[in-house]
Amino acid sequence: MEFCVENSNIEKQQTDCVVVGIYESNQLSASAEQLDKLSDGYISHLFAQGDLNGKIGQTLLLHNVANISAKRVLLVGCGKQEEQLTERQYKQIIQKTIQVINETGSTNAVYFLTELALKNRSTYWNIRFAIEAIYENQYNYDEFKSIKPENHQVLRQITFNATNQIEEVTQALEHGKAISLGISYAKDVANCPPNVCTPKYLSELAKGLDTEYENVTTRVINEAQMAELGMNAYLAVSRASENEAFLSVIEYKGSPNTNAKPIVLVGKGLTFDSGGLSIKPSEAMDEMKYDMCGAASVYGTMKAIAEMQLPLNVIGVLAGCENAVDGKAYRPGDILTTMNGLTVEVLNTDAEGRLVLCDTLTYVERFEPELVIDIATLTGACMIALGNHNSGLMSPNNELAQELLNAAQQANDKAWRLPLGEEYQEQLKSNFADLANIGGRLGGAITAGQFLSNFTKKYTWAHLDIAGTAWKSGAAKGATGRPVSLLSQFLINKAQN
């Protein structure tokens, strides 16, 4: 899909379809008013006849409108004019227009929806959200279907009409395309089946970014090297799998300051999680291929920032591993010595992500980072607490937590802060080791974050639990690509500071 911006009169548009907004109570947007005048009151006449009422998402396709060069005019309902649209409503409107336009066979369209008012949003967000919504609507994962679904998507180019702020809208195009591409990459990786998407596969994808971008360097750490580093907790999780664990380190250097400290993103990459000896129920176990969505989101974010060429130094770490079952599997009751020396009593082998992450979080100390954010489908408890709408955010650093919450609000990729503290640390006490790997049923998402905090004392750190937001179940089953948008916005904000 191609996107561009131009400023021209609506009657002169030589396009397959012009898209304009209308409101309830017979109110017209500025572009709809122009069309109405040019067509001698045609749109007002349709309102009077009751052909449309302007409710959100309602559409009416017009052909051969008088005095208009465009082949078609698509009127789309935008609700009450006095009630500015929410981001969710706006994206629904955009996606509805895409569905209708594709059904017409139009190859190009001009959007005058840039004039719609979103609550507390600028033209930049109007265009960026539109691009993200269009990419989401067009996304389809059929890599492993021998008979591909029939594709009716013929729309190839969308032009956004903008009367001013050309620099702002140009940046919106660049950011929207890059972030949408990153989201699509993250979805592709997450949706890939676990017999293909192994830790080795993740490492090959990471090396692919090295090949594609001059300022990206990737190195991969294998199990023998992990053993030398003392990453015993990570290796214990991998021990029962035939698929070797790989830790992939993607280094993006975009800062003009050679001494700039890197921002480090760590993604949990459990390419399949059986639960180990504490085996999961068979129902929906296929969805445990999504236990690597943290790594997928880091991969997608690295793709996005490389496309945007942000002036930052960022390191993305994909902690690839598989939690399987055989005679070599680690057991409840085992005590593991982690890379930083702390010992952990294993009470549940299905709490494996924190064991992979604790060693990875120790490993990244060597980069002397400005800050570290880990992203993980860590706990079902977070899904119970926040549902599928908000990612769980934890950090002992108020400034970093607020920056992430601000980015989440800006990007409409929602997050909610959960507490950390001594009380939750008490739940991780063990009679036999420094820590237990679970803290009981109460506050399960928080105790998981608290566990990780023990391995992040040497830098500023935040944790994002995306177990409820990284994928959808049921008929709409599939990866969401979250929180690529949140992370990308956070890094855009850092680059602009």
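## Reading the labels on this model

Q: Where is the place of Asn64?
A: Asn64 sits in the loop between β4 (59–63) and β5 (72–77). Helices (H or I, at least four residues) and strands (E, at least two) are DSSP runs, numbered from the N terminus. This is a predicted model, where local features need pLDDT of at least 70 and side-chain atom pairs count only at pLDDT 80 or more, while totals for chains, interfaces and linings use all residues. Residues are numbered from 1 along each chain as its sequence is written, and side-chain values use heavy atoms, with hydrogens and water left out.

Q: Why is Asn64 called exposed?
A: Look at its relative accessible area, which is 70%. The label "exposed" is for values over 50%, "buried" for values under 20%, and "partly exposed" for those in between (1.4 Å probe, protein chains only). Asn64, at 70%, is therefore exposed. This residue also has a positive phi of about 50°, although it is not a glycine.

Q: What makes Asn412 partly exposed?
A: Its relative accessible area is 24%, so Asn412 falls in between the two cut-offs and is partly exposed. You will find Asn412 in the loop between α12 (398–411) and β16 (415–417). Its phi is positive too, near 55°, in a residue other than glycine.

Q: Why are α3 and α4 called oblique to each other?
A: Helix α3 (residues 87–104) packs with helix α4 (residues 123–138) at an angle of about 50°, and their axes are 9 Å apart. Here axes are lines fitted to C-alpha atoms, for helices over the stretch in contact, and angles run from 0 to 180 degrees between N-to-C directions. Under 35 degrees would be roughly parallel, over 145 roughly antiparallel and 65 to 115 roughly perpendicular, with the rest oblique. About 50° belongs to none of those three ranges, so α3 and α4 are oblique.

Q: Which hand does the crossing of α3 and α4 have?
A: The crossing of α3 and α4 is right-handed. That label is for a near helix turned clockwise from the far one by less than a right angle; anticlockwise would be left-handed.

Q: How do you know that Lys71 forms a salt bridge with Asp16?
A: The closest N and O atoms of Lys71 and Asp16 are 3.4 Å apart. This pair links distant parts of the chain, 55 residues apart: Lys71 is in the loop between β4 and β5, and Asp16 in the loop between β1 (2–6) and β2 (18–23). A salt bridge needs a side-chain nitrogen of Lys or Arg within 4 Å of a carboxyl oxygen of Asp or Glu, so 3.4 Å meets the rule. By this rule there are 22 salt bridges.

Q: Is Asp16 buried or exposed?
A: Asp16 is buried, because its relative accessibility is 9%. Its partner Lys71, at 51%, is exposed.

Q: What makes the contact of Glu370 and Lys494 a salt bridge?
A: Their side chains meet at 3.6 Å, N to O. The pair links distant parts of the chain, 124 residues apart, with Glu370 in the loop between α10 (353–363) and β14 (371–376) and Lys494 in helix α15. Since 3.6 Å is within 4 Å, the contact counts as a salt bridge. Glu370 is partly exposed at 36%, whereas Lys494 is buried at 17%.

Q: Which residues are linked with Lys91 in a network of salt bridges?
A: Arg128 and Glu132 are linked with Lys91 in that network.

Q: What makes the nonpolar surface patch?
A: Leu277, Ile279 and Val325 make this patch of about 260 Å². Patch residues have over 30% relative accessible area and no salt bridge; nonpolar side chains (Val, Leu, Ile, Met, Phe, Trp, Tyr) are joined within 5 Å, like charges within 9 Å. Val325 has 41%, so it passes the area cut-off and is partly exposed. Val325 lies in the loop between β11 (313–323) and β12 (335–337).

Q: Why does Thr360 count as buried?
A: Thr360 has 0% relative accessibility, so it counts as buried. Its place is in helix α10. The C-alpha atoms of Thr360 and Gly267 are separated by 9.4 Å, although these residues are 93 apart along the chain.

Conventions: Accessible areas come from the Shrake-Rupley method with a 1.4 Å probe; for residues, only the protein chains shown count as cover.
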